[in-house]
Amino acid sequence: MSVYLNGQFLPLADAKISVLDRGFVFGDGVYELVPVYSKKPFRLEEHLRRLQGSLDGIRLANPHDMVGWRDLILKLIALQDFADQSLYIQVTRGVAPRDHAFPKGVPPTVFMFVQPLVTATPEQKAAGVCAVTATDNRWLRCNIKAISLLANILLRQQAVDAGCAETVMLRDGFLTEGAASNIFVVKDGVLRAPPPSNLMLTGITYDVVLELAAAHGIPHEVRAISEAEVRDADELWMTSSTKEVMAIVQLDGEPVGAGVPGPLAQRMEALYQTFKQQVMRA
Ligand code: PDD
């Protein structure tokens with residue numbers, strides 16, 4: 001498998017960085033995960049714009065412009081011998097003697113690799129998944145897609161330990177997001193999502209879902225969602241680039257709505273798949 005590291009395309013086994021890289025020592029970096037269907041990156045411009053936002057958030061200069069990134073990304077995609085890919089981009093503050101303060105004149109480390117994209121099967125989508133809730137104890141800059149994911153990892157493990165797929169996070173009595181996904185609530189036919197803020201990462205999938213809701217006349221609201229509304233939902237969904245639209249059918253051991261993927265989840269999943277096909281053919 002070919003990867004990209006600091007200007008070179010090379011086999012994974014030959015990609016080496018210093019142990020003093022600030023990504024390794026401090027988790028001082030940001031990332032993106034771009035789904036690639038049939039060798040075409042999905043919503044690349046949006047992902048690159050979010051990467052710019054994350055870099056701005058940590059005060060790290062973007063090493064490439066849009067055209068530069070696109071060029072490197074398309075080359076990396078072309079080098080793989082599988083068509084559906086999960087393309088990972090990571091930029092760190094580079095290699096320097098350990099000191100919290102930003103190093104001066106140090107180039108960032110840029111790493112990209114690709115894995116086969118594994119999305120849920122129709123059977124898994126039809127079954128839905130279970131989730132648990134937890135207090136969102138992350139920092140207050142969750143809109144930055146930072147590689148320092150320790151809190152997310154610990155939160156997500158709570159779901160895994162319970163045999164579930166995701167942890168739904170609540171902060172001060174309100175829904176924020178999943179440990180690695182955004183969360184939507186459906187009540188009486190209305191789709192609801194928390195508003196983008198520093199308390200959550202605005203998913204590219206989140207945006208697509210809201211665009212599809214608007215385009216297809218699905219009633220929807222973007223507003224703060226209380227814990228009570230989460231627990232009283234008819235439907236609960238998790239969305240992400242790899243999970244796409246996945247129904248949560250059980251929360252903390254209690255059935256969500258009827259305990260099976262609801263009608264709106266099934267409709268949105270179909271709309272999402274159709275949209276994906278359209279975009280990829282265009
Ligand atoms: N995670 N919120 C968090 C905390 C996430 O980690 C993710 C995605 C999302 C959804 O974003 P998007 O729709 O752009 O994938 C929301 C990716 C998949 C990951 O870390 O692997």
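1. In this note, Ala, Val, Leu, Ile, Met, Phe, Trp, Tyr, Cys and Pro count as nonpolar, Asp, Glu, Lys and Arg count as charged, and the others, Gly among them, count as polar. Sorted in this way, the lining of the largest pocket holds 18 nonpolar, 15 polar and seven charged residues. The model under discussion is predicted.

2. The largest pocket encloses about 1,000 Å³ of space. Its lining consists of 40 residues, and those nearest the centre are Tyr31, Lys145, Leu149, Ala179 and Ala180.

3. Several helices and strands take part in the lining of the largest pocket. At least two residues each come from the strands β3 (29-37), β5 (85-92), β6 (109-116), β9 (174-178) and β13 (235-240), and likewise from the helices α2 (44-57), α5 (150-161) and α6 (204-215). The greatest contribution is that of α5, which supplies six residues.

4. Where does the largest pocket lie with respect to domain 1 and domain 2? Residues of both domain 1 (2-116) and domain 2 (122-280) belong to its lining, and the largest pocket therefore lies between the two domains.

5. The second largest pocket contains about 180 Å³ of space. It is lined by 13 residues, of which Gly27, Asp28, Ile58, Arg93 and Trp139 are the closest to its centre. By class, this lining comprises five nonpolar, four polar and four charged residues.

6. The position of the second largest pocket follows from a similar argument. Because domain 1 (2-116) and domain 2 (122-280) both contribute residues to its lining, the second largest pocket lies between them.

Technical notes. Residues numbered from 1 in each chain as written. Predicted model: local features only at pLDDT ≥ 70, side-chain atom pairs only at ≥ 80, totals over all residues. Heavy atoms only, no water. 1 Å grid on protein atoms, 1.4 Å probe; cavity = no way out; pocket = protein on both sides within 12 Å on 5 of 7 lines; lining within 4 Å. Points joined across faces, edges and corners; volume = space filled by probe spheres on them. Helix = DSSP H or I, 4+ residues; strand = E, 2+ residues; numbered from the N terminus. Domains from an automatic or database assignment.
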